[in-house]
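Subject: Structure handover

Hello,

Here is the structure you asked for, with notes on what turned up in it below. Please read the notes with the model open.

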Amino acid sequence: MRSTAYPLPASRRRPAAALTILLALLLSVAAVSPATAATSRPAQVGIVSYVGAALTGSDSASLTIRWAPVKTAVKYEVFVGSSFTGVAGVTTPRVTVREPQAVIPGLARGKDYFVQVRAVDAAGKAGYKSYRVGHRTIVAEGSGAASTYKLMTWNVCSNKCAGIATRQKLVNARIVETQPSMVALQEAIKYTAAPSGYRFAFKGNNAILYDTDVFSLAATGEQILFSSKYASGGNGVSWAALKDRTTGRLAVVFDAHLRTGATSRDVNQRIYESTRMVALVRSTLAVLRMEHPSLDWDTAATFVAGDLNTHKSRTGDATLDRLAAAGWHDAFDQARVLVRQHHNSMNPKMLATPPLGIKWGDHIDKVLVQPGKTVVLKWANVQKMTGSKYTRLASDHLPVMVWLRTTA
């Protein structure tokens with residue numbers, strides 16, 4: 001029945017304070033419980049990482065992504081777009097999975113894709129989408145099994161950073177621990193002692209080391225500096241031709257350090273240096289073929305490594321596009337497996353907490369390959385870590401290692 005407006009007898013009236021408390025409790029139950037149940041949703045998915053890539057047909061590719069699980073999720077929706085802005089407007093998931101990992105099939109080769117992921121709970125409620133993260137699919141891979149090598153690139157900052165005598169020991173310790181077949185070092189003029197088991201193929205500002213169990217030295221040359229066209233030149237290119245002790249095949253390593261800076265003059269100089277570098281690679285190989293006719297240059301593998309001072313998050317810089325147009329692609333984009341994608345290879349303050357690049361992964365230290373002649377098995381930031389922190393930091397750059405399979 002409806003209550004009347006007549007006053008209750010005094011014997012049945014509640015004290016005003018008690019009535020106020022009762023009403024407050026009733027309102028709080030009505031306001032909190034149903035509303036909370038109505039608005040609760042799964043937590044936002046954390047940083048999404050690209051961990052794998054493959055070619056899946058004559059003209060298609062796939063990417064594999066992974067993220068941390070969300071507690072209340074029963075499934076995850078993966079949204080895919082061809083640009084950073086475009087993926088934000090995608091409303092239909094490309095893939096739906098139950099575990100915090102997904103393979104995205106049917107992608108075009110050599111194209112950039114961005115993803116977002118959101119969690120969905122048992123009631124069908126969806127969480128907020130993750131940050132937008134991009135990666136490029138593999139362009140191509142060579143065929144025919146040959147040799148597998150590990151190539152490390154590392155700017156050791158021996159000139160501008162203090163304490164190289166101590167830091168050189170840390171550099172060498174990490175090289176011995178990770179056992180690269182070849183090492184390209186930049187800013188290495190004061191780096192004077194190779195680690196045990198390694199020798200200098202070229203000693204100077206752009207130093208090249210090789211594992212003596214894997215290679216012997218076939219030929220080497222002087223460091224070639226870039227001319228100044230738009231700004232003062234970078235530190236140029238050195239090179240070394242190495243001969244595999246087991247197979248006799250040749251591997252030619254070019255170690256480059258391009259102009260730094262973000263002004264238009266810096267960018268134009270860097271683009272100019274990248275085109276000169278490509279021309280230098282071609283001319284050097286032609287000279288080597290003439291000067292060493294007894295060696296098998298037809299099956300030689302060629303790599304460019306170094307500090308290129310640019311990455312894909314730097315808008316208005318066409319350096320990497322120019323290199324790709326000339327047939328040289330970032331091994332980061334070509335890798336079948338990525339490890340620590342978001343750990344930037346530059347660490348200016350030498351922080352123990354890894355500096356992260358979410359959108360792409362901001363790596364200025366690179367290995368370039370010719371996709372039709374090489375398979376990039378793995379790309380990794382190989383700075384030593386204890387738990388979630390870097391330890392034994394040896395430079396304001398971090399070592400990048402690429403596992404390469406040369407092909408016939």
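A residue is called buried here when its relative accessible area is under 20%, and exposed when that value is over 50%, with partly exposed in between. Please also keep in mind that this is a predicted model.

Aromatic pairs

By that cut-off Phe114 is buried, because its relative accessibility is 3%. Trp360 is buried as well, at a relative accessible area of 7%. The count of aromatic pairs in the model comes to 6. In one of them, the ring centres of Phe114 and Trp360 are 4.9 Å apart and the planes stand at 65 degrees, so this pair is edge-to-face. Phe114 belongs to strand β6, while Trp360 sits in the loop between β17 (338-339) and β18 (365-369), so the pair ties together parts that are 246 residues apart in sequence. Phe84 joins these two residues, and Phe84, Phe114 and Trp360 make up one aromatic cluster.

Another pair is formed by Tyr149 and Phe215, with ring centres 5.0 Å apart and planes at 40 degrees, so this pair is tilted. Tyr149 is part of strand β8 and Phe215 is part of strand β12 (residues 215-220), so parts that are 66 residues apart in sequence are tied together. Tyr149 and Phe215 are both buried.

Charges over rings

Phe84 has a further partner: Arg132 lies over the face of its ring, at 3.8 Å from the ring centre. A lysine is placed in a similar way elsewhere, with the charged end of Lys378 over the ring of Trp403, 4.5 Å from its centre.

Nonpolar cores

In soluble globular proteins, nonpolar side chains tend to be buried together. The largest nonpolar core in this model has 50 residues. Ile65, Trp67, Tyr76, Val78 and Met182 are the ones with the most contacts inside it. Strand β6 (residues 112-120) supplies the largest share of this core, 4 residues. Another core lies apart from it and has 24 residues, including Ala219, Leu308, Leu323 and Trp328.

The disulfide

How many disulfides are there? The count comes to 1 disulfide. It joins Cys157 to Cys161, with a distance of 2.0 Å from S to S. The torsion about the S-S bond of Cys157 and Cys161 is about 80 degrees, so the disulfide is right-handed.

Are these cysteines buried or exposed? Cys157 has a relative accessible area of 2% and is buried. Cys161, at 17%, is buried too.

Cys157 is located in the loop between β8 (148-155) and α3 (164-178). Setting aside residues up to four places away in sequence, Cys157 touches Arg167, Gln186, Glu187, Ser395 and Asp396. In space, Cys157 and Leu185 are 9.2 Å apart from C-alpha to C-alpha, and in sequence they are 28 residues apart.

A buried glutamine

Gln383 is in the loop between β19 (374-381) and β20 (385-386). With a relative accessibility of 2%, Gln383 counts as buried. Beyond its neighbours within four places in sequence, Gln383 is in contact with Trp154, Arg174, Arg340, Tyr390, Thr391, Arg392, Leu393, Leu398 and Pro399.

Positive phi

Most residues other than glycine have a negative phi, and most peptide bonds are trans. Arg392, one of the contacts of Gln383, has a phi near 55 degrees, a positive value in a residue other than glycine. Arg392 lies in the loop between β21 (389-390) and β22 (400-406). Its relative accessibility is 35%, so Arg392 counts as partly exposed.

Asn309 also has a positive phi, near 55 degrees. Asn309 is found in the loop between β15 (301-307) and α5 (319-325). Asn309 is buried, because its relative accessible area is 6%.

Regards

How values were computed. Residues numbered from 1 in each chain as written. Predicted model: local features only at pLDDT ≥ 70, side-chain atom pairs only at ≥ 80, totals over all residues. Heavy atoms only, no water. Core = buried A, V, L, I, M, F, W, Y, C linked by side-chain atoms within 4.5 Å. Buried < 20%, exposed > 50% of the residue type's maximum accessible area, 1.4 Å probe, protein only. Helix = DSSP H or I, 4+ residues; strand = E, 2+ residues; numbered from the N terminus. Disulfide = S-S within 2.5 Å. Contact = heavy atoms within 4.5 Å. Phe/Tyr/Trp six-rings, centres within 6.5 Å; stacked < 30°, edge-to-face > 60°. Lys NZ or Arg CZ within 6 Å of the ring centre and 35° of its normal.
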